[in-house]
Amino acid sequence: MSDLPPDQTASRGASAQEASASVDMAADLPVAAKASITGPIPAAPPTGTGFGPTPGFGPAPGAPVFEFKRHRWLPSIVVASIIAAVVLGGVGLDNVIAAPSAGLVTVGGSVTINAAPGWILASPPGDTSGGIELEKATALLTTQVVSSSYGGDSASMLSDQEKSLSGNSAQISYGGAHRASVGGHDTSYVAFEAAVPSRQRSGIVDGELVCMVVNGSAVVIVAAAPQGDFDPIVNDVAAMLKSVGAGH
Amino acid sequence: MTASAEPGAERWGRQASLIQPQQPAFWLYCLLLAVGGWLFAQEQSLMSSLMTAWLLSWALVLAYAVPVSLVIYRLDLFEREPRLMLAAAVVWGGVVATSLAAHANEAWLSILSKVASPDFATQWGAAIVGPGVEETLKLMGVVILYLIVSSEFDGVMDGFVYGAMVGLGFTVVEDVSYFINAVAAVPGAVDQSGPVLDTFLIRVVGGGLYGHVLFTGLTGTGFAFFVTHRAGGMPKRLLGAGACIAAGVSAHVVWNSPWMESILQTSSGAGPSVFQWIEYGAVKGLPFLILLGVLVLFATRSEEANYRSIVAGELDPTVITDDEIRSLRSLWARRSARTATERLRGRAGSKLTGRLQAAQIEYAMIRSGTDSLADPALDAQRLKIRSIRAELVALPFLPRPMPKAGPAASDLRTIATAPPLSAAYPPAVAPAEATPPTLGPRAVWTPAQVEHLPAPASAFTAPGWAPTHVVPAGGMPAWDAPDPARRPVAHLSERVELVFMAQAGAWAQVRGVNGWTGWVDGRLLVPRGW
């Protein structure tokens with residue numbers, strides 16, 4: 001008795017007569033099964049495994065040959081160039097293009113402030129005795145000379161301005177006040193967060209209230225931006241504060 | 001035997017790997033993935049400081065993304081794309097495109113505010129910069145995937161699938177950043193869940209259908225049109241591709257623009273309701289979604305035609321019938337076919353029909369990848385299909401309730417025009433209630449091959465009959481003992497169901513439904529369920 005039954009896969013329709021034309025290699029097969037065997041009998045499956053054909057996967061691929069395809073270089077370079085143009089080109093162009101700036105602006109006839117790049121006058125230049133408004137994107141910086149013959153210090157001026165600002169805002173909270181010399185001028189400043197009426201945004205703004213004494217002039221500067229937009233302008237505000245000086 | 005598919009049919013059967021070190025585009029993908037991945041990790045690390053909001057955000061976007069990805073995957077009815085390629089598309093959108101876009105958007109917005117005005121940039125920057133930067137970066141992902149494995153782009157449908165997957169990845173990561181920003185914008189940020197859920201309702205529930213999946217689905221379709229319609233001539237290719245890409249970019253422009261914001265206004269001054277957001281999204285996005293639906297429909301019809309071309313010339317009519325090809329043309333048609341079978345043969349019949357449909361799709365994949373109708377893989381697939389059919393027709397019919405009154409005229413018309421029940425799935429053996437006492441099957445398509453077993457030991461079906469295997473195509477001889485020196489005692493007809501009882505080497509002892517036992521070549525038996 002053999003462990004292997006005859007391979008019948010190629011014997012469809014073979015008659016017993018045809019089977020007599022057997023192949024020697026199939027000597028241990030039944031006569032009816034010897035008909036059209038043309039190759040070696042496949043090995044028996046391992047004991048204990050299921051029967052039936054295995055799924056028809058294709059032949060195993062050969063070992064991959066590492067070879068750069070030259071005709072593929074150009075499209076890849078084009079794609080890389082497009083991505084670089086969008087990302088690096090944008091960053092580079094942004095650095096090259098100078099931001100518009102209001103430049104040196106005189107406030108109230110006695111004080112000047114140099115607007116940082118990107119900061120422009122919110123209203124057309126004209127009478128600046130009531131102060132000026134500079135804007136950049138969603139941020140706003142107002143500068144006002146409240147007195148041209150001020151005898152006090154910046155800290156007391158800040159205290160007065162805090163009260164004034166609180167009276168104009170429904171909700172406002174202040175951080176701790178600081179006093180320093182900025183550009184050689186006595187300066188006091190405080191950060192605040194306020195709720196202001198607004199139709200589309202949350203209505204919360206972050207800001208900084210700055211009071212300076214510049215050659216006897218009391219200068220009040222308020223920088224504000226919608227919450228989340230203040231951090232990007234901090235450096236600009238610091239630069240503009242340092243640029244404050246006495247006018248002609 | 002050669003030339004299995006009709007000329008002009010696309011090759012479906014050769015799924016390629018994403019890992020193609022010989023392709024420069026593969027290394028470009030890896031390089032940009034490394035850069036994007038580094039930026040992505042930094043961003044996520046920063047966001048995870050709001051841990052509750054961050055985890056909730058990811059849970060919500062994944063709850064949205066998983067079903068959407070399945071829908072996109074299943075819309076590709078015939079030649080489904082390799083999953084690794086699809087994953088690469090999602091990763092490109094979520095990791096590479098979002099990270100690069102964040103930097104590029106900021107730079108181009110700044111440029112816009114310089115060359116125009118800050119006010120203009122604030123109002124229109126999102127509508128001008130966003131689509132330009134983001135659609136370019138996302139589409140480049142589709143192009144890179146094409147450059148890595150161009151053979152996977154067989155038709156317009158493939159462009160839609162890869163584009164939509166890139167868009168899905170992008171929208172997932174972008175949504176997470178929006179959710180976290182909403183939390184960060186609240187003073188104190190004590191409640192991390194509320195702002196996330198509110199933003200989820202607005203961005204996903206209100207406008208989830210009209211986002212980046214739609215935009216990049218359109219642009220990807222355009223790109224695929226260009227690279228797959230080579231026979232159409234350059235002007236036609238440029239026109240078709242340009243129109244689709246323009247539609248995708250336009251959809252993004254309209255979506256980001258401040259147009260129609262009056263819909264969101266409220267008289268009380270409170271924020272817009274979810275219904276207002278849904279209306280706002282529908283007005284701005286629905287026309288483009290309909291356009292994409294029409295394009296996908298045309299692409300599916302094209303794939304159906306290609307499927308017909310591939311399976312044309314099959315000599316065995318039981319592999320797939322014309323009606324079955326029609327039933328494969330849409331998810332709806334496939335479900336209808338399964339439901340129809342379920343009505344006749346129950347839930348098991350529905351499942352078997354689903355397996356039959358999958359096997360028929362797989363048959364086309366194999367057929368497309370071979371030049372020979374005698375390919376062993378093709379034979380194996382034919383066998384699989386026949387086995388499923390055999391199982392299907394062996395299922396008993398469900399009892400049908402008798403109508404209380406006579407049928408309506410419409411019912412009579414349906415009955416009169418319906419094909420016989422056996423037409424859709426020619427039975428390999430008779431239904432259980434009609435099974436003759438012998439094992440003789442009724443292979444209606446090859447009646448000449450029908451042979452009967454010797455007289456059975458018992459004419460009655462054994463209780464608890466649970467066949468494990470079926471006889472393969474062409475039938476097989478059987479012996480009364482596992483001895484090759486003996487002559488076969490019978491020739492079992494194909495698709496006859498058997499119970500495997502014992503094994504001796506490669507011999508298998510089997511039993512028929514009527515109690516007959518014998519020995520066969522176990523290697524040839526087809527397990528039930530194939």
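**Exercise 1.** State how many helices and strands make up the secondary structure of chain B.

*Solution.* In this predicted model, the secondary structure of chain B comprises 14 helices and 7 strands.

**Exercise 2.** Determine the strand order of the open sheet of 5 strands in chain B, and identify its edge strands.

*Solution.* Step 1: the order of the strands in chain B is β6-β5-β4-β1-β7, and the pairing is antiparallel. Step 2: an edge strand pairs on one side only, and in chain B this applies to β6 (517-521) and β7 (526-527). Step 3: consider β7(B) in more detail. Its antiparallel partner is β1 of chain B, residues 469-470, and the two are joined over 2 bridges. Within this pairing, H469(B) lies opposite P527(B) of β7(B).

**Exercise 3.** Establish what percentage of the 530 residues in chain B is buried, and what percentage of the contacts with a separation of 6 or more joins residues 24 or more positions apart.

*Solution.* Step 1: a residue counts as buried if 20 or more other C-beta atoms lie within 10 Å of its own. By this criterion, 46% of the 530 residues in chain B are buried. Step 2: among contacts in chain B with a separation of 6 or more, 74% are between residues 24 or more positions apart.

**Exercise 4.** Identify which residues of the largest nonpolar core touch the most other members.

*Solution.* Step 1: this core has 130 residues, and those touching the most other members are V219(A), A89(B), V143(B), I144(B), L145(B) and M165(B). Step 2: take V143(B) as an example. Leaving aside residues up to four places away in sequence, V143(B) touches V79(A) and F223(B). Step 3: apart from the largest core lies another, of 43 residues, including A364(B), I388(B), A506(B) and V526(B).

Key. Residues are numbered from 1 along each chain as its sequence is written. Chains are lettered from A and ligands numbered from 1 in the order in which they are written. This is a predicted model: local features need pLDDT of at least 70, side-chain atom pairs count only at pLDDT 80 or more; totals for chains, interfaces and linings use all residues. Two strands pair if DSSP finds at least two bridges between them. Helices (H or I, at least four residues) and strands (E, at least two) are DSSP runs, numbered from the N terminus. A residue is buried if 20 or more other C-beta atoms lie within 10 Å of its own, exposed if 12 or fewer, and partly exposed in between; C-beta atoms are placed from the backbone. Two residues are in contact if their C-beta atoms, placed from the backbone, lie within 7 Å. A nonpolar core is a set of buried Ala, Val, Leu, Ile, Met, Phe, Trp, Tyr and Cys residues joined through C-beta atoms within 7 Å.
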